[in-house]
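Colleague: Got a minute to walk me through this model? I'd like to go through it piece by piece.

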Amino acid sequence: MALSLRDVQRDPIANRALNELMHQYTVAEEKSGLLLIRKAADMKLFLYDLDDLRQLDFVRNQQMVREIERLRVRSSTIDQQRESWKVRALMAEAQLLEATAKASNNGGCQNVSDLRYASLKRYLAKRFHPDYAPGQGIEKIIRNEIFKEIWHEIERLDRGVSATRFATAQSSTAA
């Protein structure tokens, strides 16, 4: 008995394999079985039995299993790298705290929050300042407006910090 499209459609595995093949092949029914003709070249593929399509589906599934395993290994490697980067970041932060503590013990007046604030301020200035903004037209105008809003808040914070430091300095000299 010859293989027909109706036979393939009744078998879910063979049907899935044939649907995948139909992206690259044109399917025709012949007396002896199915004929698949490659759309991009002069290649013909004859299928006489459902087992041919089931075998193709099995091979595709094996490829997917290998790809999933490769991705799983890659994911665990990335997780390990992320954890090591977290540890390195915490160590760097601890070193920064030690260096800041030494600087403040040696007469330096900055603490960690001041250093972080200054660093954030420099980052925002470089990121959004109109002179450094990449792009043209509307993108540059939008960056300029964002910078104005951000910088207004930064100046407000600077005034608040300066007033607090000034009041603290005056109270310590008066005592």
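Modeller: Sure, here is a short run of questions and answers on the fold, the core and the surface. This is a predicted model, where local features need pLDDT of at least 70, side-chain atom pairs count only at pLDDT 80 or more, and totals for chains, interfaces and linings use all residues. Residues are numbered from 1 along each chain as its sequence is written, and side-chain values use heavy atoms, with hydrogens and water left out.

Colleague: What pattern does the protein follow along the sequence?

Modeller: Helices (H or I, at least four residues) and strands (E, at least two) are DSSP runs, numbered from the N terminus. There are five helices and three strands. Read in order, they give α-α-β-β-β-α-α-α.

Colleague: How do the strands pair, and which residue in β3 is the bridge partner of I37?

Modeller: Pairing here takes at least two DSSP bridges between two strands. β1 (residues 25-29) runs antiparallel to β2 over five bridges, with A28 opposite L35. β2 also pairs antiparallel with β3 (residues 44-47), through four bridges, and a five-residue hairpin joins β2 to β3. The β3 partner of I37 is K44.

Colleague: Which element gives the most to the largest nonpolar core?

Modeller: A nonpolar core is a set of buried Ala, Val, Leu, Ile, Met, Phe, Trp, Tyr and Cys residues joined through side-chain atoms within 4.5 Å. The largest one has twelve residues, including L3, V8, Y25 and L47. Two or more residues each come from α2 (12-21), β2 (34-38) and α3 (50-105). With four residues, the top contributor is α2.

Colleague: Is D57 buried or exposed?

Modeller: D57 sits in helix α3. Leaving aside neighbours within four places in sequence, D57 is in contact (heavy atoms within 4.5 Å) with I13, R16 and A17. Buried means under 20% relative accessible area, exposed over 50%, partly exposed in between (1.4 Å probe, protein chains only). D57 has 7% relative accessibility, so D57 counts as buried.

Colleague: And I138, buried or exposed?

Modeller: I138 is in helix α5 (residues 138-174). I138 joins I141, I142 and I146 in a nonpolar surface patch. For I138 the relative accessibility is 62%, so I138 counts as exposed.

Colleague: What share of the residues count as buried?

Modeller: The protein has 175 residues. The share of them that count as buried is 17%.

Notes:
Patch = residues over 30% accessible without salt bridge, like charges linked within 9 Å, V, L, I, M, F, W, Y side chains within 5 Å. Areas by Shrake-Rupley, 256 points an atom, 1.4 Å probe, with all protein chains shown as cover. Salt bridge = Lys/Arg side-chain N within 4 Å of Asp/Glu carboxyl O.
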